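Please work through the following exercises with the sequence and the coordinates at hand. Each task is followed by a solution in steps.

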Amino acid sequence: MWAMQEWRITMIDGQKVLFSGMQATGTLTLGNYLGALKNWLTLSDEYQCFYSVVDLHSITIRQDPAELRKRARNLLMLYIAAGLDPEKNCIYYQSHVSGHAELSWILNCFTYMGELNRMTQYKDKAAKHADNINAGLFTYPVLMAADILLYQADVVPVGKDQMQHLEITRDIAQRFNAIYGDVFTIPEPYIGKTGAHIKSLQNPEKKMSKSDENPNASIYLMDDADTIIRKFRRAVTDSEACVRYSEEQPGIRNLIDIYCACTGKTPQETEREFDGKGYGDFKTAVGESVVDILKPLQTRYEELGKDRAYIDGIIKKNAEKAGYYANKTLRKVQKKVGFPEKIRS
Ligand code: TRP
């Protein structure tokens, strides 16, 4: 018998483990940056982080292969351009670690149809892609559970839309542990200073989304300065003509949120700063604050795009690192469920 704790990787180098991922579908928006990516940076000091480009998830919707490959690489570069140190954080492609698919299969056998039937994102996506309701779309949350559990993650920073998936992850892990002992760390949602909830510039009731059909609704991370300022000047506001942070002025409120996230100011300071000024001035100032915050990211991204060898090195090294930790968990799970051990000579 082996000691129960021997293989556990809840702590790596004295830090707790964090897992998160993004899909390389669509062009990342300011909402993704201020709501998630920028937060990942702060978290990377405190946790041992695995930030994955989840390309296995992407093919639940039909993709153009060349396009997917390009977007996946761009997203990986964007993680780094946003400031995540790829030496400290494990930034990698999900498809480079076969353990995700292998654990996902095993966990499928510990997940009930009824549970998956309740997932609201599945219902939404099935309605949206009625011509391609494939089994992968249905078991998407199980793959997500595998992502998280494979690294024995303690925390997962997720938005509201992914909370249900984190809950099913915990249920699956607890069910498995109840049968086989203390195999998986039960992940917690990351609670703390959560990222800003950025809304569409054209409809402040809706979240800013990379899949929005109206390009004026979102700021894309690679938009140039003129485009950014123009989109802000066109942003939907109201006729109050007063920069005030209130529920009754959702458009202005959203712009204040963006301004504060970019400048570090508070809504009260912002109200004071623009007291007596028109929306035109305010919108331009918000646009400029966004230009300022995106500029270093864009410059770095361009540089990284030119350095193929460097990025390839990161991809290789981090796939190995992720694979190392993933395999530890996978071996243990395989043993638990009764698969024969490989013969090593
Ligand atoms: N489903 C997530 C999304 O679309 C992405 C994702 C995949 C993820 N696996 C994950 C997020 C594991 C957190 C943890 O946003």
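The exercises below concern helix packing, buried helix faces and single residues in a predicted model.

**Exercise 1. Determine how α3 and α12 are oriented to each other, and which residues make their contact.**

Solution.
Step 1. Two packed helices are described by the angle between their axes and the distance between the axes.
Step 2. For helix α3 (residues 65-81) and α12, the axes come within 9 Å and the crossing angle is roughly 130°.
Step 3. Angles of 65 to 115 degrees count as roughly perpendicular and those over 145 as roughly antiparallel; α3 and α12 are therefore oblique to each other.
Step 4. The crossing of α3 and α12 is right-handed.
Step 5. On the α3 side, the contact is made by Asn74, Met77, Leu78, Ile80 and Ala81. On the α12 side, Leu297, Arg300, Tyr301, Leu304 and Gly305 take part.
Step 6. Sorted by class, the residues in the contact of α3 with α12 are 7 nonpolar, 2 polar and 1 charged.

**Exercise 2. Carry out the analysis for α3 and α13, giving the angle, the axis distance and the residues that meet.**

Solution.
Step 1. The axes of α3 and α13 are 12 Å apart, and the helices pack at an angle of about 90°.
Step 2. An angle of about 90° makes α3 roughly perpendicular to α13.
Step 3. From α3, the residues Arg73, Leu76, Met77 and Ile80 meet Arg308, Ile311, Asp312, Ile314 and Ile315 of α13.
Step 4. The class count for the contact of α3 with α13 is 6 nonpolar, no polar and 3 charged residues.
Step 5. Met77 and Ile80 of α3 take part in the contact with α12, and Met77 and Ile80 also meet α13.

**Exercise 3. Identify the buried residues of α9, state how they are placed around the axis, and find what they pack against.**

Solution.
Step 1. Helix α9 spans residues 225-233, and its buried residues are Thr227, Ile228, Lys231 and Phe232.
Step 2. Because these residues cover an arc of only 130° around the axis, they lie on the same side of α9.
Step 3. The partners of the buried residues of α9 are α1 (30-46), α10 (250-263) and α12 (279-306).

**Exercise 4. Repeat the analysis for α4.**

Solution.
Step 1. In helix α4, residues 99-108, the buried residues are Gly99, His100, Leu103, Ser104, Ile106 and Leu107.
Step 2. The arc that they cover around the axis is only 165°, so they are on the same side of α4.
Step 3. Two strands, β2 (15-22) and β4 (90-93), are among the elements that the buried residues of α4 pack against. The helices α2 (55-58), α7 (135-150), α8 (163-180) and α13 (308-337) are also packing partners.

**Exercise 5. Classify Gln152 and Ala241 as buried or exposed, and state where each is located.**

Solution.
Step 1. Gln152 is in the loop between α7 and β5 (155-156), while Ala241 is in the loop between α9 and α10.
Step 2. Phi of Gln152 is near 55°, a positive value in a residue other than glycine. Phi of Ala241 is likewise near 55°.
Step 3. Buried means under 20% relative accessible area, and exposed means over 50%. Gln152, at 0% relative accessibility, is therefore buried. Ala241 has a relative accessible area of 60% and is therefore exposed.

**Exercise 6. Describe the surroundings of His165, Thr270 and Cys90.**

Solution.
Step 1. His165 lies in helix α8 and is buried, with a relative accessible area of 2%. Beyond its neighbours within four places in sequence, His165 contacts Met119, Gln121, Tyr140, Pro141 and Met144. Between His165 and Thr120, which are 45 residues apart in sequence, the C-alpha to C-alpha distance is 9.5 Å.
Step 2. Thr270 belongs to helix α11 (residues 267-273) and is buried at 0% relative accessibility. Not counting residues up to four places away in sequence, Thr270 touches Ile256, Tyr259, Cys260, Lys265 and Phe282.
Step 3. Cys90 is in strand β4 and is buried at 0% relative accessibility. With residues up to four places away in sequence left out, Cys90 touches Cys49, Phe50, Tyr51, Asn318, Lys321 and Ala322. The C-alpha atoms of Cys90 and Phe184, 94 residues apart along the chain, are separated by 20 Å.

Terms used:
Residues are numbered from 1 along each chain as its sequence is written. This is a predicted model: local features need pLDDT of at least 70, side-chain atom pairs count only at pLDDT 80 or more; totals for chains, interfaces and linings use all residues. Side-chain values use heavy atoms; hydrogens and water are left out. Buried means under 20% relative accessible area, exposed over 50%, partly exposed in between (1.4 Å probe, protein chains only). Helices (H or I, at least four residues) and strands (E, at least two) are DSSP runs, numbered from the N terminus. The arc is that of the directions from the helix axis to the C-beta atoms. Contact means heavy atoms within 4.5 Å. Axes are lines fitted to C-alpha atoms, for helices over the stretch in contact, and angles run from 0 to 180 degrees between N-to-C directions. Angles under 35 degrees count as roughly parallel, over 145 as roughly antiparallel, 65 to 115 as roughly perpendicular and the rest as oblique. A crossing is left-handed if the near helix is turned anticlockwise from the far one by less than a right angle, and right-handed if clockwise. Ala, Val, Leu, Ile, Met, Phe, Trp, Tyr, Cys and Pro count as nonpolar, Asp, Glu, Lys and Arg as charged, and the others, Gly among them, as polar.
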